[in-house]
Amino acid sequence: MKGIFNHQFTHETVGQRSPEQDLWMTVLSKAAHDAIYCTDRRESRLAISWFKTGGHNFRKVCEYAGREPAYVHRVMQLPIQRR
């Protein structure tokens, strides 16, 4: 597992996702669920902060999931505000 967070972001052909990309998409989806629906106040606040700050870890997870970090950040703003 050493170096797992150091690999380069690669663009894959549309429609072809690797198991690793699916895994990171699940991580991103879980964070979105926690930010919008989680009843645990602490977990919800942590997830909201993670999306709002858009830090290094956020950008890496988006890239590993094959998603543009700026797009994910923008899309999550309205659901977070409605929460």
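A residue is called buried when its relative accessible area is under 20%. Keep that in mind as you look through these views of a predicted model.

**View 1. The whole chain is built from helices.** The protein chain holds four helices and zero strands, and reading along the sequence gives the pattern α-α-α-α. Of its 83 residues, 28% are buried. About 6200 Å² of the chain is exposed, with carbon and sulfur atoms supplying 55% of that area. Among contacts with a separation of 6 or more, 56% join residues 24 or more positions apart.

**View 2. The largest nonpolar core has 16 residues.** Those with the most contacts inside this core are Leu28, Ala35, Phe51, Val72, Met76 and Ile80. Which helices help to build it? At least two core residues come from each of α1 (19–36), α2 (41–53), α3 (56–65) and α4 (69–82).

**View 3. Here we zoom in on Phe51 and the residues it touches.** Leaving aside residues up to four places away in sequence, Phe51 is in contact with Leu28, Ala31, Ala32 and Ala35, and also with Phe58. Its other partners on this list are Val72, His73, Met76, Gln77 and Ile80.

**View 4. Two buried cysteines, Cys38 and Cys62, are shown here.** Cys38 has a relative accessible area of 14%, while Cys62 is at 0%. A disulfide is a covalent bond between the sulfur atoms of two cysteines. How many disulfides are there in this model? The count is zero.

**View 5. Lys30 and Asp34 pair up within one helix.** Side chains of opposite charge can pair when their charged atoms come close. Lys30 and Asp34 form a salt bridge, with their closest N and O atoms 2.7 Å apart. Both residues belong to helix α1 and sit four residues apart, about one turn of the helix. Are the two partners buried or exposed? Lys30 is partly exposed at 48% relative accessibility, whereas Asp34 is buried at 11%.

**View 6. Two further salt bridges are shown, out of four found in the whole structure.** Asp22 meets Arg17, and the closest N and O atoms are 2.7 Å apart. Asp22 is partly exposed, with a relative accessible area of 31%, and Arg17 is also partly exposed, at 46%. Glu43 and Arg42 join through their side chains at 3.4 Å, N to O. In this pair, Glu43 is partly exposed at 32%, but Arg42 counts as exposed because its 57% relative accessibility is over 50%.

Notes: Residues numbered from 1 in each chain as written. Predicted model: local features only at pLDDT ≥ 70, side-chain atom pairs only at ≥ 80, totals over all residues. Heavy atoms only, no water. Buried < 20%, exposed > 50% of the residue type's maximum accessible area, 1.4 Å probe, protein only. Contact = heavy atoms within 4.5 Å. Areas by Shrake-Rupley, 256 points an atom, 1.4 Å probe, with all protein chains shown as cover. Disulfide = S-S within 2.5 Å. Core = buried A, V, L, I, M, F, W, Y, C linked by side-chain atoms within 4.5 Å.
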